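Let's take a walk through a protein model together, one piece at a time. Keep the picture beside you and look for each part as we come to it.

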Amino acid sequence: MNNQTGISRKRFLTGSLALAGVGLSSVWQRDHAYANIAQKQGEAATTNSEDSGMRLILLGTNGGPQPNPLRSSPAQVVLVNEVPYVADCGSGVAWQLVSAGVDLTDLGYIFVTHQHSDHNLDYGNLIYQAWVSGLTTEVETYGPPPPLKQMTESFLELNEYDIETRIDDESRVPLESLIQAKEISEGGLVMEDENVSVTSALVEHPPVEPSFAFRFDAADRSIVISGDTNYSESLIELAQGRTCWSTRRSTSPVWRSWWRMCPMETRSTST
Ligand SMILES: [Zn+2]
């Protein structure tokens, strides 16, 4: 990724964050602005060799799969040492990543919180669009069964003609060989590399099971991202000792109960 394209972590992060209730509400223009701000502010960002540069960019904060001219679908990216870790793949995620200045050929990790279409509709499209942008390295994907592997195989089958054409005509590497789809059914350590370790916890989002929250731990800070969730003890435990941040307001009593547990200064909501 281009180092000139990140957003200052000071603007988006204060310590650690818990982002809950994805299907978050915001206008599309605001989502698009987030991405563009992320790109422009990166030009002024300073580099500290002792920190991970960990930051979060909200790529889409709308709830529901219906197209909305004012909102983009759920997706976010955690950047650690400029390596992108994408969480959820709502419609338009590739476009939003590009708007945020993330080089799609750097795509290496995708995490799907749950299998509602507003969170996975562009799962295959993101990988495909990274591939046609020049991706030649593996992409590890993590998410709940049953559809993660099935979605991967079905997407490749659906686009087989185009993919084979581009392999022959454009000398691209076989797309199928780049995708490592790994289904997760229980909470625990998901993956770790030199930048981050990722831990999952099961959250309550009936009737969609399993549904996950993910915690990203870098050397100097942590970010917790949940998909849609009701009040969930496991999410609280996952984010233990961390500040909380939610941008979705719910009228449900369980949500309000959870919300009251978040420190006042860390609350951020929209309707
Ligand atoms: Zn959902």
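**Following the sheet and its core**

Strands S2 and S3 (residues 75–80) run antiparallel and are joined by 5 bridges. To find one of these spots, look at glycine 60, whose bridge partner in S3 is alanine 75. Strands of a sheet pair through backbone hydrogen bonds, either parallel or antiparallel.

Before going further, keep in mind that this is a predicted model. Its protein chain has 9 helices and 12 strands. Of the 271 residues in the chain, 45% count as buried. Among the contacts with a separation of 6 or more, 68% are between residues 24 or more positions apart.

Now let us go on from S3. Its link to S4 is again antiparallel, with 5 bridges, and glutamine 76 stands opposite alanine 87 in S4. S3 and S4 form a hairpin with 2 residues between the strands, where asparagine 81 takes a positive phi near 50°. Is strand S4 (residues 83–87) largely enclosed or not? It is largely enclosed by the rest of the structure, because 4 of its 5 residues are buried.

The next step brings a change of direction: S4 and S5 pair in the parallel sense, over 3 bridges. Here valine 86 has isoleucine 110 in S5 as its bridge partner. To get from S4 to S5 the chain passes through H3, and this β-α-β crossover is right-handed.

With these pairs in mind, you can look at the whole sheet. It is an open sheet of 6 strands in the order S2-S3-S4-S5-S6-S7, and its pairing is mixed. Strand S2 (55–60) and S7 stand at the edges with a single partner strand each, so one side of each has no neighbour in the sheet. On average, neighbouring strands of this sheet are turned by 20° against each other, direction ignored. Across S6 and S7 lies helix H6, running at about 155° to S7.

What about the nonpolar residues? In soluble globular proteins, nonpolar side chains tend to be buried together. The largest nonpolar core here has 55 residues, and Val77, Val78, Tyr85, Val86 and Phe111 touch the most other members. Helix H5 (residues 123–132) supplies the largest share of this core, 6 residues. Try tracing the surroundings of valine 78: leaving aside neighbours within four places in sequence, it is in contact with Met54, Leu56, Tyr85, Ala87, Phe216 and Ile223.

Helix H5 deserves a look of its own. Since 7 of its 10 residues are buried, H5 is largely enclosed by the rest of the structure. Which residues of H5 are buried? They are Tyr123, Gly124, Leu126, Ile127, Tyr128, Ala130 and Trp131. These buried residues pack against helices H3 (93–99), H4 (117–120) and H6 (147–158), and also against strands S5 (109–111), S6 (139–143) and S7 (179–183). Just after H5 comes glycine 134, which takes a positive phi of about 120°.

Finally, how confident is the predictor? The mean pLDDT of the protein chain is 80, with 70% of its residues reaching 70 or more. Over residues 1–17, pLDDT stays under 50, and the model has 52 contacts beyond four places in sequence for this stretch. Residues 243–249 also stay under 50, with 39 such contacts in the model.

Conventions: Residues numbered from 1 in each chain as written. Buried ≥ 20, exposed ≤ 12 C-beta atoms within 10 Å, placed from the backbone. Contact = placed C-beta atoms within 7 Å. Core = buried A, V, L, I, M, F, W, Y, C linked by C-beta atoms within 7 Å. pLDDT = per-residue confidence, 0-100. Pairing = 2+ DSSP bridges. Axes fitted to C-alpha atoms, helices over the stretch in contact; angles between N-to-C directions. Right-handed = clockwise from strand over helix to strand, strands pointing away.
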